[in-house]
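Colleague: I should like to learn how the features of a model such as this one are to be read. Please display it, and let us begin with the pairing of strands.

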Amino acid sequence: MDFKALADEVIKGYEIANEEAMQILECPDEEILELLNSAYIIRKHYYGNEVKLNMIINTKSGACQENCGYCAQSRDSTNPIEKYRMMQKDEIVEGAKRAYQLQSGTYCIVASGRGPTTRELHQVTSAVKEIKEKYDLKICACLGILKPGQAEQLMEAGVDRYNHNINTSENHHDAITTSHSYQDRVGTVGKVKEAGISPCSGVIVGMKETKQDVIQMALALKELDADSIPVNFLHAMEGTLLEGTDELTPVYCLKVLSLFRFINPTKEIRISGGREVNLRSLQPLGLYAANSVFIGDYLTTTGQEGTKDHQMLKDLGFEIDYVGSGRPV
């Protein structure tokens, strides 16, 4: 397949067919550099050589009533993770300082649970208001399924983006969780869009889904018009339903990232959780398709040291995309 010609057509507005999407995922391993170069043509057209950095703070850990099979914070998980209630405002603000120091453009405030209580939402919105006064950061919140009016409160506080991942395809959803529906997730993305908040929604690849499921994930996010798409690769945790699952190879992960770029050419594609254990030594190559990456730790797993990420970007010749003109300090 002539991936470069396909990339040129995508830039002109062509939407790839299912057969072409499958050819990307089934690209022979020896042609991976040709595929990546073609994905890079699209990426460079829209984003140049800039990379957006994102950092997560897990403000509330564990004790979640949902039964998501990939998550160590799930009610069914026996993983001995650290559990704590919602952090105080000062702790959340302090995390923003760390994100700023690591040259992150987006600070992601995440909390376990089905959705935020009134008190928890107040702690987040209070912290966001102070962060916005102190730091030139974009704020993304990830607090679960929102109740009526909560998206508007987040918007008023200064939240720029809200993350609520679809995680997998609609067809595969019930094999991963049954405590909420696929439509619950799609509905939350719709609520934040209606409130004027930029929608962020992504996936977890490697959860025993088919290649067709992966294609459907990318197409679903195109239909949702998610501005930011985090692509996670399963880091199977002990004590979870998916414990021991190990289906991914570094080269296949690169094919997935390329697919998401071809299907969502104008969007922020972010290499997210599990990149260290799944992409391994090929991590740098992922940024030829993606234009965004998480730095630091994730929710219950440890990430690569921030200084190594900065060195990786420098070695690639990429530049950090800062939020405002006041960076760096």
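Colleague: In which sense do E2 and strand E3 pair, and over how many bridges?

Modeller: Two strands are said to pair if DSSP finds at least two bridges between them. Here E2 and E3 (residues 138–142) pair in the parallel sense over 5 bridges. One of the partners can be named: Cys-108 has Cys-140 in E3 as its bridge partner. The labels follow DSSP runs numbered from the N terminus, helices being H or I runs of at least four residues and strands E runs of at least two.

Colleague: On what basis should these assignments be read?

Modeller: The model is predicted, and local features need pLDDT of at least 70, side-chain atom pairs count only at pLDDT 80 or more, while totals for chains, interfaces and linings use all residues. Residues are numbered from 1 along each chain as its sequence is written, and side-chain values use heavy atoms, with hydrogens and water left out.

Colleague: Which strand pairs with E2 besides E3, and in which sense?

Modeller: Strand E1 (residues 50–60) pairs with E2 in the parallel sense over 6 bridges. At one point of contact between the two, Lys-60 stands opposite Ala-111 in E2. E1 also pairs with E9 in the parallel sense, over 4 bridges, and Lys-52 has Ser-292 in E9 as its bridge partner. Ser-292 is likewise the bridge partner of Arg-270. Strand E8 (residues 268–271) runs parallel to E9 and is joined to it by 2 bridges.

Colleague: How does one read the two faces of a strand, and which residues of E2 point each way?

Modeller: In a regular strand the side chains alternate between the two faces of the sheet. In E2, Thr-106, Cys-108 and Val-110 point one way, and Tyr-107, Ile-109 and Ala-111 point the other way. Strand E2 (residues 106–111) is mostly covered, with 6 of its 6 residues buried. Buried means under 20% relative accessible area, exposed over 50%, and partly exposed in between, with a 1.4 Å probe and protein chains only.

Colleague: Are the faces of strand E9 buried or exposed?

Modeller: Both faces of E9 (residues 292–295) are covered: Ser-292 and Phe-294 are buried on one side, and Val-293 and Ile-295 on the other.

Colleague: How is a positive phi to be read, and which phi does Asp-225 have?

Modeller: Most residues other than glycine have a negative phi. Asp-225, although not a glycine, has a positive phi of about 60°. Asp-225 is found in the loop between helix H8 (211–224) and strand E7 (228–233), and its relative accessible area of 37% makes it partly exposed. Leaving aside neighbours within four places in sequence, Asp-225 is in contact (heavy atoms within 4.5 Å) with Lys-193, Pro-199 and Lys-267. A second case is Arg-280, with a positive phi near 50°. Arg-280 is placed in the loop between helix H10 (275–278) and helix H11 (283–286), and is partly exposed at 46%.

Colleague: Where is Asp-184 found, and which residues does Asp-184 touch?

Modeller: Asp-184 is found in helix H7 (residues 182–194). Not counting residues up to four places away in sequence, Asp-184 touches Arg-114, Ile-145 and His-164. Its relative accessibility of 27% counts as partly exposed. Asp-184 and Leu-146 are 38 residues apart in sequence, with their C-alpha atoms 9.6 Å apart.

Colleague: How should the radius of gyration of the chain be read?

Modeller: The radius of gyration is taken over C-alpha atoms and set against a globule rule, 2.2 Å times the number of residues to the power 0.38. For 329 residues a compact globule would have a radius near 20 Å, and the 19 Å of the chain agrees with that. The C-alpha trace spans about 55 × 45 × 35 Å along its principal axes. The chain has 12 helices and 10 strands, and 60% of its residues are buried. Among contacts with a separation of 6 or more, residues 24 or more positions apart account for 77%.
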